Amino acid sequence: MSDDDGDMILKVNAVAEEYKYIGTQICENCGSKRTYKMQMQRLVDFRGFPCDELDCVCSNCGSKKTFVFDITGIFEGYKNMFGN
Ligand SMILES: [Zn+2]
């Protein structure tokens with residue numbers, strides 16, 4: 001994970017919210033709206049809670065950006081679903 005200290009980690013309760021968020025972002029490089037496309041998703045442990053890292057690329061200029069989401073809420077949902 002790079003330059004994580006300045007970034008806000010968004011809490012989401014569903015994977016769909018991650019895609020929805022990315023779909024509303026403006027490219028930091030070229031300023032295009034809604035051009036980020038997800039390339040890779042991975043689960044990481046960040047300061048003790050589960051996070052999703054989504055590597056995205058702008059479909060207009062090709063610049064990359066990684067979004068990080070706190071998915072603790074999704075994990076708790078699974079726990080409730082499957083019991084212990
Ligand atoms: Zn761009």
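The donor residues of the zinc ion follow the spacing C-x2-C-x27-C-x2-C in sequence. In this predicted model, local features require pLDDT of at least 70 and side-chain atom pairs pLDDT 80 or more, whereas totals for chains, interfaces and linings use all residues. Residues are numbered from 1 along each chain as its sequence is written, and side-chain values rest on heavy atoms, with hydrogens and water left out.

Coordination of the zinc ion is provided by the SG atoms of Cys27, Cys30, Cys58 and Cys61, at 2.3 Å. Donors are N, O and S atoms within 2.8 Å of the metal (3.2 Å for Na, K and Ca); water is not among the atoms, so sites may look incomplete. The angles among the four donor atoms span 107 to 113 degrees, and the site is tetrahedral (four donors with all angles between 85 and 135 degrees). Of these ligands, Cys58 is buried at 3% relative accessibility, while Cys30 is partly exposed at 31% and Cys61 is partly exposed at 33%. Buried denotes under 20% relative accessible area, exposed over 50%, and partly exposed the range in between, with a 1.4 Å probe and protein chains only.

The structure holds zero disulfides, a disulfide being a pair of cysteine sulfur atoms within 2.5 Å. Cys56 is buried, with 1% relative accessibility; its sulfur lies 10 Å from the closest cysteine sulfur, that of Cys58, which is too far for a bond.

Strands S2 (residues 36-46) and S3 (residues 49-58) run antiparallel and are joined by 10 bridges. Strands pair if DSSP finds at least two bridges between them; helices (H or I, at least four residues) and strands (E, at least two) are DSSP runs numbered from the N terminus. Val44 has Cys51 in S3 as its bridge partner. Two residues separate the strands of this hairpin, in which Arg47 adopts a positive phi near 50 degrees.

Four aromatic pairs were found in the whole structure. Rings of Phe, Tyr and Trp (its six-membered ring) pair if their centres lie within 6.5 Å; planes under 30 degrees apart are stacked, over 60 edge-to-face and the rest tilted. Tyr21 and Phe67 form an edge-to-face pair, with ring centres 6.0 Å apart and planes at 80 degrees. Because Tyr21 belongs to helix H1 (residues 15-22) and Phe67 to strand S4 (residues 64-70), this pair ties together parts 46 residues apart in sequence. Tyr21 is partly exposed at 27%, whereas Phe67 is buried at 5%. Ring pairs link Tyr21, Tyr36, Phe67 and Phe69 into a cluster.

Notes
Four donors count as tetrahedral if all angles lie between 85 and 135 degrees; four count as square planar and six as octahedral if opposite donors are over 155 degrees apart and all others between 65 and 115; anything else is irregular.
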